[in-house]
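Got the model open in your viewer? Let's walk through it one selection at a time.

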Amino acid sequence: MSFQMDRIDRRILKFLQEDGRLTNSELAQKVSISPATCHRRTQRLVEEGFITGFRAMINPPAVARGALVMVGVVLDRSTPESFAAFETAIRKLSFVLDCHLVAGDFDYFLKIRVQDMADFNKLHGEQLIAFPGVRQIRSFFVMKEVTDNAPLDF
């Protein structure tokens, strides 16, 4: 039998998205249930895969990663093997925050954080263009981050 989320579960997810450091007691108070019930429900949300992890949100400029670059990648061939080879290679690069297979003019979109344009130029010249099966790379420097990693609406 598959687990069905209810209103309380959705509220738990909403509050944890806003502040993943809430104590179980604080979270229980916000959703108006006992701490023991809140703990069981939160554990179930983790076990069922609704919550996949917890982590700190880092301020990129504070750690010399203030430049955000979106990169569109077109592969030479659209085959399962070429996609697999590209995905295996891209997973090894720590500077790639996100990689998405997309429909349209590009095969993949990458989200990359670097210190500045010179830093990206070095990565582009030494690593990105050397990827297996890459035909074209188009880079877009983000001028202003309007919204990033917004919480899901519950």
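**The whole chain**

Start with everything selected: of the contacts in the protein chain with a separation of 6 or more, 64% are between residues 24 or more positions apart, where contact means heavy atoms within 4.5 Å. Before you zoom in, keep in mind that this is a predicted model, in which local features need pLDDT of at least 70, side-chain atom pairs count only at pLDDT 80 or more, and totals for chains, interfaces and linings use all residues. Residues are numbered from 1 along each chain as its sequence is written, and side-chain values use heavy atoms, with hydrogens and water left out.

Switch to cartoon view and you should find five helices and four strands, running in the order α-α-α-β-α-β-β-α-β along the sequence. Helices here are DSSP runs of H or I with at least four residues, strands are runs of E with at least two, and both are numbered from the N terminus.

Now for the overall dimensions. The C-alpha atoms fill a box of roughly 55 × 40 × 25 Å along the principal axes. The radius of gyration of the protein chain is 20 Å, while a compact globule of 154 residues would come in near 15 Å. That radius is taken over C-alpha atoms, and the globule rule is 2.2 Å times the number of residues to the power 0.38.

Turn on the surface next. About 10500 Å² of the protein chain is accessible, and 52% of that belongs to carbon and sulfur atoms; the areas come from the Shrake-Rupley method with a 1.4 Å probe, and for residues only the protein chains shown count as cover. Of the 154 residues, 32% count as buried. Buried means under 20% relative accessible area, exposed means over 50%, and partly exposed is in between (1.4 Å probe, protein chains only).

**Stop 1: D9**

Select D9, which sits in helix α1 (residues 7-18). Is D9 buried or exposed? With a relative accessibility of 1%, D9 is buried. Show the surroundings and, beyond the neighbours within four places in sequence, you'll see D9 in contact with F3, Q4, R41, R44 and L45.

**Stop 2: a loop and the start of a helix**

Move along to S32, in the loop between α2 (24-31) and α3 (35-47). S32 is exposed, at 63% relative accessible area. Check its backbone too: S32 isn't a glycine, yet its phi is positive, about 60°. For background, most residues other than glycine have a negative phi.

Then click P35, in helix α3. P35 is partly exposed, with 42% relative accessibility. Skipping residues up to four places away in sequence, P35 touches N24 and A28. Try a C-alpha to C-alpha distance from P35 to T23: the two are 12 residues apart in sequence and 9.6 Å apart in space.

There's another positive phi of about 60° at A64, again not a glycine. Look for A64 in the loop between α3 and β1 (67-75), where A64 is partly exposed at 34%.

**Stop 3: the aromatic rings**

Colour Phe, Tyr and Trp. Their rings (the six-membered one for Trp) pair if the centres lie within 6.5 Å; planes under 30 degrees apart count as stacked, over 60 as edge-to-face and the rest as tilted. By that rule there are six aromatic pairs.

One of them is F86 with Y108, a tilted pair at 4.5 Å centre to centre and 35° between the planes. F86 belongs to helix α4 (residues 80-90) and Y108 to strand β3 (residues 108-114), so this pair ties together parts 22 residues apart in sequence. Both F86 and Y108 are buried.

Next, pick F120 and F141, which make an edge-to-face pair with 5.5 Å between centres and 90° between planes. F120 is in helix α5 (residues 117-126) and F141 in strand β4 (residues 134-141), 21 residues apart. F120 is buried at 5% relative accessible area, whereas F141 is partly exposed at 32%.

Finally, select F83, F86, Y108 and F131 together: ring pairs link them into a cluster.

**Stop 4: K111**

Finish in strand β3, where you'll find K111. K111 is buried, with a relative accessible area of 13%. Which residues does K111 touch, not counting residues up to four places away in sequence? Light up L68, V69, M70, F95, V96, L97, D98 and D148.
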